[in-house]
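Open the model in your viewer and keep the sequence panel beside it. This tour goes from one selection to the next and says what is there at each stop.

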Amino acid sequence: VRDVVARSLQIFDTAVLGYFVVLNTLYLVLIAIAGTDLVRFFRRLPFAGFDDEFTNPLTPPVSVILPAHNEELLIVESVEAMLSLRYPEHEVIVVDDGSTDETFARLEAAFDLVPIVLPATGDTPVLGAIHGTYVPRDGRSLVVVRKESIGSKGDASNAGINVSRFPLVCITDADAVIDEEGLLRVVKPFVDDPERMVATGGTVRAANGSILYRGRVVDARMPRNWLARIQVIEYLRSFLLGRTGWSRLGCLLIISGAFGVFRRDVLLELGGFRHGAIGEDADLIARMHKLLKGRKQPYRVSFVSEPVCWTEVPETREVLGRQRKRWSRGLADVLWTHRSMIGNPRYGRIGLVVMPYYLVFELLGPVIELLGLLTAVLGLVFGLLNPPFAALFFAVAFGYGILLSIAALLVEELSYHRYDRWRDLFTALAASVVENVGFRQLHAWWRLQGLIDALRRKELTWGVMTRRGFLTEGTEP
Amino acid sequence: VTGLQVLTWAVVIIAGAIVVLGGTTGISRVRRQRRAHRRERLRDELRPGIVAILADPDGSHQLPIHRGRRADLFGVLAFDYLAKVRGESRDALVRVLDERGTVVDAERRTRRPGTVGRSGAAELLGRCGLAHSRPALERLLTSRSKAERAVAVRALGHLGDPAAAPALLEVARARSVPAPLICQAVVRLGPEAQGDLITHLRSRSIDVQRVTVDALGLLQSVDAVERLITLLPDRDLELVVRTARALGRIGDPRAVAPLLELLDRSPEWPVVAVVARALGELGSPSAAPILIELLGHERPPVATNAATALVQLGRAGADALAAAVEGDEPNPYAAAALSRQAILDGGAP
């Protein structure tokens, strides 16, 4: 019996290892695709024509929507930075989503806001009651909407969409910092392919530790906190490379809610963000695919790696864990809601490749990873597993993960190289190793909890994201 | 081969790959920093020559003939400055580049293989803006590469030579470059291109017509008004919308009556919305009654545009808006327009 159990354990662990190898190889392929895409992008950058896009009177104007909930620390600086983005014509719409702090008072004082009556268009459904709309007395392109919070960013975004005037809508976060030319660059695909492009997204990076001046990141640095450092690597891998790769293959399912641009008419047709959706950004793109593929309309959803949106990432285990559980629940929710798309040839590559990938490798990944780990440890403890086999098993699993992170780091170094200091490079290399020992397993545990919560349909608690604020020029990190 | 052996080999390969990638990351940083340092040094060496040309465009400048990396970097530096300077300084820099054979070399490069090289050359030709580069750029309009075609379109616009108009409109017919890019290039050709554009309003290609209408609107071509009015009864909704928008931009009062007629016969809300806006831009009080009616339109963009247009009409519009906000059910669009205007006028909303 012992031999049979030992043999079964070994077979199971080999299968888990195979799963890891396939997953990481997929990532590696995506990194390779993204790498070639970035090379192509950089070679063409000198004649990309961003200046012409800026001066073209036909460049579509954009409504930038910032849902804000208790963002008193950064809101004024953030809105100033959004208003001064280099773009021919854009308006900024702040949706104060039931803030209980000084968010609105600070906006009111900084921009000399006065109330204005705006008609309730009802273009997209909003559940939270609208308390009022305000504009600055000096005529700047800013609208502030105050509404009751129902704990949903989607609801706040819908309120913003309803007062937006322009054909393109950019959804971002109130604490996000967008590069000065970020909007111009993320809109470029709409200029290049105005008929088919329906949504684009930009890269999101961790801003912790970086130096800000007037709402712009002027010196990108690695954070001092190890959890944040690991997230820098994670974001690099998944945003800069993973999504670039998926986009190149025409298989983009997620455009981050922190920085995405959408065609307003398509948003209205979809009824805006869905109420009750936990991963509202992925849900929106899934519905977009469903709608447009369903009626065989040619369209494109694109990821642009160059415009960067900087955001503060959690630095404590508690907050990070809550965020990751929510992400996992969000994914489960999206896959369950759109289960008819999984493996459905009607939805092309999205149905046949992307949705199954997210189901098998992203949603069920933590189950398999933790089961593999658990059985390997139990096998070792009870002497059922050959110690050299177990050691090599772990070495391959962790080693491949480290390899992947370092490959992402290399592509970053060869392309954008935002982190210019040697100290930051060494820290990033160290974080690539550390991530795989401890953090990765903890991350799998959080994701598993999120999945269990989704299965149990447990009520979602948002919690509070403790912000430390960014470092501004002149302060010592 | 046992599983253990496979795993051992896998570990060795992965460890090796980690070391190689990590090392490459470090080496690439060293190389990049050294390259940047060297480039900065060369820039410091070359910059005074270019700045001297810009500062004294009429003077005679004997710049040394650069070779190899220096010549490349001189071209890059001059290229950067061309985007930043205007007038005589710019002309002087272009003259220097032309004398040094940079322009001829770029024209030659538009024939060599490689999208990046050809597009880079086209971009440089566009920035130099010399009329003799037109044939080289027009040739690129039929390139198989979309990027090359787009760069050539933009570059032809920068040349500002009205003779490029037919070639650009041909690209619109082929739909091989996004229409907004073509339109921008055509507008850059200036008012001298109007004649050609007005002729193309009768083109059989709807794409050419759309681009031409947009361009004439942006050029505020009064000469085109009569011909544009003849397009208002067209069956293509998109063309009608663009024509109404163009007539609004031009601002010629001859367009008021045809636009009002269009409202009578066109129930499609995108047309109605654009016509309402155009009527505001035209500023004729005779449009007030119909705009008041449109305040109650079921589509928010139409009602919003009508309210904005009424504000633009001046006194007649303001009175109508004031009347619309009175009573038991004040019109929200009129109220919004009035309060916006009050804020802009410095009063309380």
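Which residue is the bridge partner of Thr133(A) in β5(A)? It is Val145(A). The tour comes back to that pair below, after some ground rules.

This is a predicted model, in which local features need pLDDT of at least 70, side-chain atom pairs count only at pLDDT 80 or more, and totals for chains, interfaces and linings use all residues. Residues are numbered from 1 along each chain as its sequence is written, chains are lettered from A and ligands numbered from 1 in the order in which they are written, and side-chain values use heavy atoms, with hydrogens and water left out.

**Stop 1: chain A**

Select chain A and show it as a cartoon. Chain A has 14 helices and 13 strands; helices (H or I, at least four residues) and strands (E, at least two) are DSSP runs, numbered from the N terminus. Its radius of gyration is 23 Å, close to the 23 Å that the globule rule gives for 477 residues, so chain A is as compact as a globular protein of that length. That radius is taken over C-alpha atoms, and the rule is 2.2 Å times the number of residues to the power 0.38. The C-alpha trace of chain A spans about 80 × 50 × 45 Å along its principal axes.

Of the 477 residues in chain A, 59% are buried. Buried means under 20% relative accessible area, exposed means over 50%, and partly exposed is in between (1.4 Å probe, protein chains only). Among contacts in chain A between residues at least 6 apart in sequence, 81% join residues at least 24 apart; a contact means heavy atoms within 4.5 Å.

**Stop 2: the sheet in chain A**

Now select the strands of chain A. Ten of them form an open sheet with mixed pairing, in the order β3-β4-β5-β2-β1-β6-β11-β8-β12-β7. The edge strands are β3 (113-116) and β7 (177-178) of chain A, each of which pairs on one side only. Two strands count as paired if DSSP finds at least two bridges between them.

Start at the β3(A) edge. β3(A) pairs with β4(A), residues 130-136, in the antiparallel sense over four bridges. Label Leu113(A), whose bridge partner in β4(A) is Pro136(A), and then Val114(A), whose partner there is Val135(A).

Stay on β4(A) and colour by accessibility. Five of the seven residues of β4(A) are buried, so the strand is mostly covered. In a regular strand the side chains alternate between the two faces of the sheet.

Next, add β5(A), residues 142-147. Four bridges join β4(A) to β5(A), and the two run antiparallel. Here is the pair from the start of the tour: Thr133(A) with Val145(A). β4(A) and β5(A) form a hairpin with five residues between them, and Gly139(A) in the turn has a positive phi of about 80°.

**Stop 3: chain B**

Hide chain A and select chain B. Chain B has 19 helices and zero strands. Its radius of gyration is 29 Å, well over the 20 Å that the globule rule gives for 349 residues, so chain B is more spread out than a compact globule. Along its principal axes, the C-alpha trace of chain B spans about 80 × 70 × 50 Å. Of the 349 residues of chain B, 49% count as buried.

**Stop 4: helix α14 of chain B**

Select residues 256-265 of chain B, which make up helix α14. Its buried residues are Val256(B), Pro258(B), Leu259(B), Leu262(B) and Leu263(B). Which helices do they pack against? They pack against α12 (225-229), α13 (237-250), α15 (269-282) and α16 (288-294) of chain B. An α-helix has 3.6 residues a turn, so residues three or four places apart point the same way.

**Stop 5: two single residues**

Show both chains again and centre on Thr25(B), in helix α1 (residues 3-55) of chain B. Is Thr25(B) buried or exposed? It counts as buried, at 0% relative accessibility. Leaving aside its neighbours within four places in sequence, Thr25(B) is in contact with Ile406(A), Leu409(A), Leu410(A), Glu413(A) and Leu425(A).

Finally, go to Ala316(B), in helix α18 (residues 315-324) of chain B. Ala316(B) counts as partly exposed, at 34% relative accessibility. Draw a distance from its C-alpha to that of Pro289(B): the two residues are 27 apart in sequence and 9.7 Å apart in space.
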